[in-house]
Amino acid sequence: MATVGLCEDDPQVRRVVVEALAAVDLDVAVAHRASEAIREFTPDAGLRALVLDIGLPDGDGRDLCQALRASGVTAPVLFLTARGGVHEVVAGFGAGGDDYLVKPFAVAELQARVAALVRRAPTAPASPRALHLDAERFSVRRGDKEERLTPTEFRLLATLLARPGEVVRRRELVAAAWPVGAVVQANTLDSYMRRIRRLLEQVGSPDELHTARGVGFRLG
């Protein structure tokens with residue numbers, strides 16, 4: 001039986017989702033808060049998909065998704081939320097989500113969407129990352145060294161960590177870190193990257209941040 005991770009703080013919604021997925025032979029690992037999900041939904045937890053609420057009591061589900069991606073979690077993510085505006089949906093995909101379902105939802109649609117994500121899930125777990133991002137504290141940590149991040153720095157670093165060794169294009173970084181439609185100057189992004197480079201040095205990151213001139217940035 002495949003296992004799906006669910007992070008949802010509303011007990012009634014949790015019950016509906018757990019019962020709906022059990023009816024289609026899916027087991028559910030439940031977290032009530034983002035901090036709990038970070039501890040439990042690890043790369044080696046064997047989860048085949050994740051269902052994440054956006055409005056969590058200790059953070060934004062999109063930041064949680066980015067933190068999980070940065071830690072090496074590759075399971076497809078369905079955002080389950082009452083926020084159905086186009087800007088919200090686009091931001092969810094920019095944060096690393098794979099699907100979006102607005103509350104109130106039809107149980108059959110939830111079952112079909114999650115089942116489709118499970119079929120597409122990678123079968124081999126990714127290797128855990130050396131750096132740990134905390135979506136509740138907005139910090140990056142390696143061992144006993146920790147540095148606080150602004151929300152924008154957090155989202156930029158999470159996007160880079162989710163794709164180690166790969167050049168992430170500038171427009172993708174902007175889409176992940178700023179609201180839809182925001183006008184971000186090139187020197188603004190460069191300034192944030194310099195700050196992130198210093199933060200990585202301060203925590204003793206084994207990976208360096210490299211610039212692909214005119215294209216984007218690569219961590220590794």
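Let us start at Phe138, which sits in the loop between β8 (132–134) and β9. This is a predicted model, and Phe138 is a good place to begin reading it. Phe138 has a positive phi of about 50°, although it is not a glycine. To see why that deserves a second look, remember that most residues other than glycine have a negative phi. Is Phe138 buried or exposed? With a relative accessible area of 19%, Phe138 counts as buried, because the cut-off for buried is under 20%.

Step along the chain and you arrive at Ser139, which belongs to strand β9 (residues 139–142). Its relative accessibility is 0%, so Ser139 is buried as well. What does the side chain of Ser139 meet there? It makes a polar contact of 2.6 Å with the side chain of Glu146. Leaving aside neighbours within four places in sequence, the residues in contact with Ser139 are His132, Leu133, Asp134, Glu146, Glu147, Arg148 and Leu149.

Now follow the chain to a pair of helices. Two packed helices are described by the angle between their axes and the distance between the axes. Here the pair is α6 (residues 151–161) and α8 (residues 186–202), whose axes come within 10 Å and cross at roughly 75°. That angle makes α6 roughly perpendicular to α8. On the α6 side, the contact is made by Thr152, Glu153, Leu156, Leu157 and Leu160, while α8 brings Leu189, Tyr192, Met193, Arg195, Ile196, Leu199 and Leu200. Sorted by character, these contact residues are nine nonpolar, one polar and two charged.

It helps to step back for a moment. The domain assignment gives domain 1 (2–120) and domain 2 (132–219). Their centres, taken over C-alpha atoms, are 24 Å apart. Where the domains touch, 14 residues come from domain 1 and 13 residues from domain 2.

Next, turn to helix α3 (residues 61–70). How many of its residues are buried? The count is 10 of the 10, so α3 is largely enclosed by the rest of the structure. Among the buried residues are Leu64, Cys65 and Leu68, but also Arg62, Asp63 and Arg69. At the start of α3, a side-chain oxygen of Asp60 reaches to within 2.7 Å of the backbone nitrogen of Arg62. Just after α3, Gly72 takes a positive phi of about 110°.

Beyond Gly72 comes Val73, in the loop between α3 and β6 (77–81). Val73 counts as buried because its relative accessibility is 6%. Which residues does Val73 touch? Not counting residues up to four places away in sequence, they are Phe41, Thr42, Pro43, Leu50 and Leu68. Take Leu50 as an example of how the fold brings parts of the chain together: Val73 and Leu50 are 23 residues apart in sequence and 9.8 Å apart in space, C-alpha to C-alpha.

Two details of the backbone round off the tour. Asp25 lies in the loop between α1 (11–22) and β2 (26–31), and its phi is near 65°, a positive value in a residue other than glycine. Asp25 counts as exposed, because its relative accessibility is 55%, whereas Phe138 is buried. The other detail is a cis peptide bond joining Lys103 and Pro104, with omega at about -10°. Pro104 is placed in the loop between β7 (99–102) and α5 (107–120). For comparison, most peptide bonds are trans.

Conventions
Residues are numbered from 1 along each chain as its sequence is written. This is a predicted model: local features need pLDDT of at least 70, side-chain atom pairs count only at pLDDT 80 or more; totals for chains, interfaces and linings use all residues. Side-chain values use heavy atoms; hydrogens and water are left out. Helices (H or I, at least four residues) and strands (E, at least two) are DSSP runs, numbered from the N terminus. Buried means under 20% relative accessible area, exposed over 50%, partly exposed in between (1.4 Å probe, protein chains only). A polar contact is a pair of N or O atoms within 3.5 Å; within protein, one must be able to donate a hydrogen and the other to accept it, and residues adjacent in sequence count only if both atoms are side-chain atoms. Contact means heavy atoms within 4.5 Å. Axes are lines fitted to C-alpha atoms, for helices over the stretch in contact, and angles run from 0 to 180 degrees between N-to-C directions. Angles under 35 degrees count as roughly parallel, over 145 as roughly antiparallel, 65 to 115 as roughly perpendicular and the rest as oblique. Ala, Val, Leu, Ile, Met, Phe, Trp, Tyr, Cys and Pro count as nonpolar, Asp, Glu, Lys and Arg as charged, and the others, Gly among them, as polar. Domain bounds come from an automatic or database domain assignment.
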